[in-house]
Amino acid sequence: MRIFQWMYDKALLWAKHRHAERYLAGLSFTESVIFPIPPDVMLAPMALARPAMAWRFAWITTLFSLFGGICGYFLGLWLFDPVVLPAVEYLGKQETFAKVQQWFTDYGVWVVFIAGFSPIPYKLFTVGAGLMGMAFVPFVIASFVGRASRFFLVAGLMYWGGEKMQQKLRDIVDALGWGTVALGAVLYLVYS
């Protein structure tokens, strides 16, 4: 079944849409607060489809992800009990959030940088930073450096890889997609 290849081809078409930058900004913002899909899935095809705009797309992704992170920070700081905690409890993620809080205690601002760069859900750490009362300026700096590093790396790989990268990704996207689904299922079973 080539479902991921079909989705990849569609993403390349959508990347050329006249409102693609707005969609990328919206996805980047919401992913940093609540949405589960990372902006890389839109950034990469956009950078492949229009390599001359790759660095602009990386800036858009970085800045709107940072704005979303700041929103998440203030959610944790001001609205944790009435808004975030009921959602965490409803989803049954109290243990996961307790781990995030412990990581803040153990690693401080470094955990924000790592979450910003890695595929770890950044939104948990934006809200957690606010809840834990992390200093705002170090939070913003760590978030900016982590997010910019990640998104400029993705844009750079697409820019320098060009057509060869586009074809190679298309050839392996189904294996990557199903591998990610399998990994997600295993992680869910292990941590639920």
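Which helix has F67 in it? F67 sits in helix α4, and that helix keeps turning up in the points below. Bear in mind throughout that this is a predicted model.

1. **Overall make-up.** The protein comes to nine helices and zero strands. From the N terminus on, the order of elements is simply α-α-α-α-α-α-α-α-α. Of the 192 residues, 41% are buried.

2. **A nonpolar patch on the surface.** W59, L63, F64, F67, F136, V137, I141, F144 and V145 make a nonpolar surface patch of about 770 Å². Two elements give two or more residues to this patch, namely α4 (54-78) and α9 (136-191). The biggest giver is α9, with five residues. This is a part of the surface I'd look at in the viewer.

3. **F64 and F67.** The structure holds 14 aromatic pairs. One of them joins F64 and F67 edge-to-face, with 5.6 Å from centre to centre and 80° between the planes. The two are three residues apart in helix α4, so about one helical turn separates them. F64 has a relative accessible area of 33%, which makes it partly exposed. F67 also counts as partly exposed, because its relative accessibility is 41%.

4. **F74 and F136.** Another ring pair is tilted: F74 and F136 lie 5.4 Å apart centre to centre, with 35° between the planes. This one links distant parts of the chain, as F74 belongs to helix α4 and F136 to helix α9, 62 residues apart. F74 is partly exposed at a relative accessible area of 24%, and F136 is partly exposed at 32%.

5. **A ring cluster.** Ring pairs also link W55, W59, F144, F152, Y159 and W160 into a cluster. W59 and F144 will be familiar from the nonpolar patch, where both are listed.

6. **Salt bridge R56 to E21.** The count of salt bridges comes to three. In one of them R56 meets E21, and the closest N and O atoms are 2.8 Å apart. R56 lies in helix α4 and E21 in helix α2, so this bridge ties together parts 35 residues apart in sequence. R56 counts as partly exposed, with 46% relative accessibility, while E21 is among the buried residues of α2.

7. **Salt bridge E31 to R147.** The side chains of E31 and R147 form another bridge, at 2.5 Å from N to O. Here E31 is in helix α2 and R147 in helix α9, so the pair ties together parts that are 116 residues apart in sequence. Both partners are buried.

8. **Salt bridge D40 to R150.** D40 and R150 also meet through their side chains in a salt bridge, 2.6 Å from N to O. Because D40 lies in helix α3 and R150 in helix α9, the pair ties together parts 110 residues apart in sequence. D40 is buried, and R150 is too.

9. **Helix α3.** Why call α3 largely enclosed by the rest of the structure? Eight of the ten residues in this helix (residues 40-49) are buried, so the description fits. The buried ones are D40, M42, L43, A44, P45, M46, A47 and L48.

10. **Helix α2.** The twelve residues of α2 (residues 20-31) should span 16 Å at 1.5 Å a residue, and the end C-alpha atoms are indeed 16 Å apart. Its buried residues are A20, E21, L24, A25, L27, S28 and E31. They cover an arc of only 165° around the axis, so they sit on the same side of α2.

11. **Helix α6.** Length works out here as well: the 14 residues of α6 (residues 94-107) should span 20 Å at 1.5 Å a residue, which agrees with the 20 Å between its end C-alpha atoms. F97, V100 and F104 are buried in α6. Seen down the helix axis, the buried residues of α6 fall within an arc of 50°, so they line one face. E95 and T105 are exposed on the other side of α6.

Technical notes: Residues numbered from 1 in each chain as written. Predicted model: local features only at pLDDT ≥ 70, side-chain atom pairs only at ≥ 80, totals over all residues. Heavy atoms only, no water. Patch = residues over 30% accessible without salt bridge, like charges linked within 9 Å, V, L, I, M, F, W, Y side chains within 5 Å. Areas by Shrake-Rupley, 256 points an atom, 1.4 Å probe, with all protein chains shown as cover. Salt bridge = Lys/Arg side-chain N within 4 Å of Asp/Glu carboxyl O. Helix = DSSP H or I, 4+ residues; strand = E, 2+ residues; numbered from the N terminus. Phe/Tyr/Trp six-rings, centres within 6.5 Å; stacked < 30°, edge-to-face > 60°. Buried < 20%, exposed > 50% of the residue type's maximum accessible area, 1.4 Å probe, protein only. Expected span 1.5 Å × (residues − 1). Arc of directions from axis to C-beta.
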